[in-house]
Amino acid sequence: MRKERYDVVIIGSGAGGGTVAQSLSARSPASLLILERGDYVPREDANWSPEAVWKDLRYRTKEHWLDDRGKEFRPYTHYCVGGNTKFWGSVLYRLRREDFQATEHVDGVSPAWPIDYDTLEPFYERAERLFHVHGEHGLDPTEPPRGPFPYEPIPHAPVMEELVDKLRSQGLHPSPLPLGLLSPGAPDGCILCDTCNSFPCKLHAKSEADVCCIRPAVRQPNVTLWTNACARRLVTDPAGRKVEAVEVERDGETLRVEASLFVVSCGAVNSAALLLRSANDAHPNGLANSSGLVGRRYMAHLATMMQGFHPFRPNETVFQKTVAINDFYFRGPDTDYPLGHIQSQGRTHPVMAQTAYPFIPLWAYAPWVARGVDWLAMSEDLPRAENRVVVAPDGRIRLDYRPNNMGPHRRLVKETKRILRRLGFWSVVKHSHGSRNTTHQCGTLCFGTDPRASVLDPFCRSHDVGNLFVVDASFFPSSAAVNPGLTIVAQALRVSDHIVDADLT
Ligand SMILES: Cc1cc2nc3c(=O)[nH]c(=O)nc-3n(C[C@H](O)[C@H](O)[C@H](O)COP(=O)(O)OP(=O)(O)OC[C@H]3O[C@@H](n4cnc5c(N)ncnc54)[C@H](O)[C@@H]3O)c2cc1C
Ligand code: SF4
């Protein structure tokens, strides 16, 4: 087997891996190799084609996973440079201060994190600068202590401005969504189009890991990126105390890449699968799995897409994704339990709507979506040992996931419907991808101080294997109810600093 050697190998180029690559390359002369199983997303007209993205699933992985009943499904995930950030809506939230503490929910306790908000705050600030986050502080009642955003908020379109006023007159506290966009309105910047969330940006004006992290990193002489290079297995020394190499499949060849330090960031499902596939005599149940928790505690948020419809109110908004409602984040109108978060969404295109109800002809959707305003209701799901990633005997990924905490989510959806009806919409339709929505996957390698109750330490270093870090969303002990991306980036910056300061390269 051909061998190569680098100081640091980073596996995966998404939110976590991309950030570590950018941050380490700026601060350390160590030689870095980034392994990415996918390729660059080409800049092409199909980037903004709803047919290509939603009907042909052009950019989604062709891989199939199994659900808890052994039924195959095609996960909503993307293997490419930048990972899922290429397709994200770029809604970049800090967790609330309370999300770091144990919180009572209807179905149980959302556990405390081993670090508090104040520990992550300076890294959130850096993450917002790195990913060009636009927002306005002081309006969201759940906002944690913070200074001003690095960039001005994106103004609401007239239709949304009117809805915001009406939301305020309902006694609610709408606030601008924090959004990562590059130079909106500038000649070479974001044009605030209607194909952002779930589409790659043809202009490279979305703040995502390819544009903000990987491209600047690979311009450094000490950084190498291998695309179409899939990490199959991590190999340890005989005692199992450190990773010696990663076996990589690239262009039909298997290579052995050795390094002093390994930073895994394949996404919460694939990182767990990589560790499980790396079982050996010293780690018979999977690498770094003395706790038995590798792959367990999978979470993904409870998410329902909703659309308010009014037959005589055409919605001319192009960029609609600017409004957040957090009034029910900590408690509902008639319950002391948290319900979750509501945000406006990008415009629904007829092809997208048809994926929910394929029996309705496409032509029937156009007048409908032209009069609709789109929202997302999102609630926290809780970590459960039985919700887990398993590698099936044939090597495929099996995702055993039964959503929990559904009561508060249904309550949030009901409340959102009530709000939309009060805004004058004649009807409200809703749709959920249910347990197969893997977009906010997290929790499978949780971090903590107790090696018996966590896989990673508070710096995301394996308790069992000294030179192994994992920086994707798998470290989350709880899922909270806002989008996960900025927290992944902030913690990846914190981990990078730790690696440099402790001279671990
Ligand atoms: C349509 C969509 C919209 C979203 N919108 C938002 C949003 O608005 N805000 C937000 O905060 N979050 C959003 N998310 C979620 C967000 O994208 C993820 O939380 C985030 O990208 C996860 O970062 P990560 O580093 O864990 O993994 P990823 O970004 O998924 O990166 C993992 C990378 O690892 C690579 N990889 C996997 N296995 C291997 C292997 N064995 N060898 C080599 N490489 C490998 C993958 O190809 C991928 O590039 C959205 C996701 C989707 C799909
Ligand atoms: S131009 Fe702006 S709104 Fe459109 S896809 Fe790019 S980043 Fe998103």
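Which residue in β21 is the bridge partner of Val-389? The reply is in point 6, after the ligand sites of this predicted model.

1. Ligand 1, surroundings. The shell around ligand 1 holds 38 residues, and the closest are Gly-16, Glu-36, Asn-84, Val-91 and Gly-485. By class, the shell divides into 16 nonpolar, 19 polar and three charged residues. Three elements, α1 (15–27), β12 (229–236) and α10 (485–501), each contribute at least two residues to this shell. The most comes from β12, with three residues.

2. Ligand 1, polar contacts and burial. Three backbone contacts can be listed for this ligand. A nitrogen atom of ligand 1 lies 2.8 Å from a backbone N or O atom of Val-91. A polar backbone atom of Ala-231 is 2.9 Å from a nitrogen atom of the ligand. On the oxygen side, an oxygen atom of ligand 1 is 3.1 Å from a polar backbone atom of Ala-473. Taken alone, ligand 1 exposes 1000 Å², and the protein buries 96% of that.

3. Helix α10. This helix, one of the contributors to the shell around ligand 1, has 17 residues. From its first C-alpha to its last it reaches 24 Å, close to the 24 Å expected at 1.5 Å a residue. Because 16 of its 17 residues are buried, α10 is largely enclosed by the rest of the structure. After the helix comes Asp-503, with a positive phi near 55 degrees. On the other side, the loop between β23 (468–470) and α10 contains Ala-480. The phi of Ala-480 is also positive, near 50 degrees, in a residue other than glycine. Ala-480 has a relative accessible area of 0% and is therefore buried.

4. Ligand 2. Around ligand 2 are Trp-48, Leu-181, Cys-190, Ile-191, Leu-192, Cys-193, Thr-195, Cys-196, Cys-201, Ala-205, Lys-206 and Phe-319. This shell divides into 10 nonpolar residues, one polar and one charged.

5. Strands β12, β13 and β14. The strand that gives the most to the shell around ligand 1, β12, runs antiparallel to β13 (residues 243–250), and seven bridges join the two. Within this pairing, Thr-236 has Val-243 of β13 as its bridge partner. The β12 and β13 hairpin has six residues between the strands, and Gly-240 in the turn has a positive phi of about 80 degrees. In turn, β13 pairs with β14 (residues 253–258) in the antiparallel sense over six bridges. Here Val-248 has Leu-255 of β14 as its bridge partner. The hairpin of β13 and β14 has two residues between the strands, with Asp-251 in the turn at a positive phi of about 50 degrees.

6. Strands β20 and β21. The bridge partner asked about at the start is Leu-399, which pairs with Val-389. The strands concerned, β20 (residues 388–391) and β21 (residues 397–400), run antiparallel and are joined by four bridges. Five residues lie between them in the hairpin, where Gly-395 takes a positive phi near 90 degrees.

7. Val-109 relative to Val-389. Val-109 sits in strand β7 (residues 108–110). With a relative accessible area of 45%, Val-109 is partly exposed. Val-109 and Val-389 are 280 residues apart in sequence, and their C-alpha atoms are 22 Å apart in space.

8. Loops on either side of β11. Is Asn-222 buried or exposed? At 16% relative accessibility, Asn-222 counts as buried, the cut-off for that being under 20%. Asn-222 belongs to the loop between α5 (209–218) and β11 (223–226), and its side chain reaches the backbone oxygen of Ala-30 at 2.9 Å. In the loop between β11 and β12 lies Asn-228. Its phi is near 50 degrees, a positive value in a residue other than glycine. Asn-228 is partly exposed, with a relative accessible area of 34%.

Key
Residues numbered from 1 in each chain as written. Chains lettered and ligands numbered in written order. Predicted model: local features only at pLDDT ≥ 70, side-chain atom pairs only at ≥ 80, totals over all residues. Heavy atoms only, no water. Near = heavy atom within 4 Å. Polar contact = N/O pair within 3.5 Å; in protein donor to acceptor, adjacent residues only side chain to side chain. Areas by Shrake-Rupley, 256 points an atom, 1.4 Å probe, with all protein chains shown as cover. Nonpolar A, V, L, I, M, F, W, Y, C, P; charged D, E, K, R; others polar. Expected span 1.5 Å × (residues − 1). Buried < 20%, exposed > 50% of the residue type's maximum accessible area, 1.4 Å probe, protein only. Pairing = 2+ DSSP bridges.
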